[in-house]
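Please open the structure in your viewer and keep the selection tool at hand. The tour below goes from one selection to the next and says what is found at each stop.

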Amino acid sequence: MMMFSINPAYDLEKGDEYGIGSVAERSELFRRCEAEGVGISVMKPFHGGKLLDEKTSPFRKAMTRYQCIQYVLDRPGVLAVVPGVRNMKDLDALLGFAETSAEENDYSMIGQFTPAAALGNCVYCNHCQPCPVGIDIGLVNKYYDLALAGDLMAANHYEKLTVKADACIGCGHCDKRCPFHTAQSVRMKEITAYFGK
């Protein structure tokens, strides 16, 4: 089990005052934790409250508590989020997350502010959905990344999928919808080749 801070500001900056390590190094750590069965408990999901205010957010746009929580829960290896709670009002507001819709939790707006180093990386958010042929693009990418990180079970999980990357017809629907500008249609060919060997 590990406990450290994860939030969009830390993850999408590059070894500066917001986060230690590059975008790639942090992503690799998350994938390795999941591959090796190391759970991550997250603190500081709101960047000390800075992400909740457009004046202090590095994105110059306020995020909601629910968007921040969903972002953190979508990271590989994350099992729990432990935001700061000052009083019962804070606790009641946070517990409301369990009743929110996907639209309320949608954090794709941060894709407009993503630094070049993070562009092109799938973060398994599934904003690319729906796939016309039924590929679970986020899950396919997750199993691929885990396999690359050394998770021996990832290939087994991938093989159990009903629709795999080789079903991709290259329509580009997912490419147009990805807030992180990931070329998923290209990546599906790469994933097919990897698991096909």
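A residue is called buried when its relative accessible area is under 20%, and exposed when that area is over 50%. Keep in mind throughout that this is a predicted model.

With those cut-offs in hand, begin at helix 9 and select Q184, S185, R187, M188, I191 and F195, which are the buried residues of this helix. If you look down the axis of helix 9, these buried residues fall within an arc of 150°, so they line one face of the helix. Now add V186, K189, A193 and G196, the exposed residues carried on the face of helix 9 that is turned away from the buried side. To see what the buried residues of helix 9 pack against, show helix 6 (137-148), helix 7 (154-159) and helix 8 (173-177). You can also check the length of helix 9 (residues 184-196): at 1.5 Å a residue its 13 residues should span 18 Å, and the end C-alpha atoms are 18 Å apart, which agrees.

Next, turn to the strands. Select strand 1 (residues 2-5) together with strand 2, and you will find the two paired in the parallel sense over 4 bridges, with S41 in strand 2 as the bridge partner of M3. Then add strand 3 (residues 78-82), which runs parallel to strand 2 and is joined to it by 4 bridges; here V42 stands opposite V81 of strand 3. If helix 3 is shown as well, strand 2, helix 3 and strand 3 can be followed as a right-handed β-α-β unit.

Which residues touch the most other members of the largest nonpolar core? Select I6, I40, M63, Y71, Y107 and I110, which hold that place within a core of 27 residues. Helix 2 (23-35), strand 2 (40-43) and helix 3 (65-73) each supply at least two residues of this core, and helix 3 gives the most, with 5 residues. Centre the view on Y71, which, leaving aside residues up to four places away in sequence, touches I6, N7, P8, D11, L12, Y107 and I110. Apart from this core lies another, of 19 residues, including I135, I137, V140 and A165.

For the last stop, select D90 in helix 4 (residues 88-95). Is D90 buried or exposed? At 9% relative accessibility, D90 counts as buried, because the cut-off is under 20%. Not counting residues up to four places away in sequence, D90 touches R65 and V85.

Definitions and conventions:
Residues are numbered from 1 along each chain as its sequence is written. This is a predicted model: local features need pLDDT of at least 70, side-chain atom pairs count only at pLDDT 80 or more; totals for chains, interfaces and linings use all residues. Side-chain values use heavy atoms; hydrogens and water are left out. A nonpolar core is a set of buried Ala, Val, Leu, Ile, Met, Phe, Trp, Tyr and Cys residues joined through side-chain atoms within 4.5 Å. Buried means under 20% relative accessible area, exposed over 50%, partly exposed in between (1.4 Å probe, protein chains only). Contact means heavy atoms within 4.5 Å. The expected span of a helix is 1.5 Å times one less than its number of residues. The arc is that of the directions from the helix axis to the C-beta atoms. Two strands pair if DSSP finds at least two bridges between them. A crossover is right-handed if, with the strands pointing away from the viewer, the path from the first strand over the helix to the second runs clockwise.
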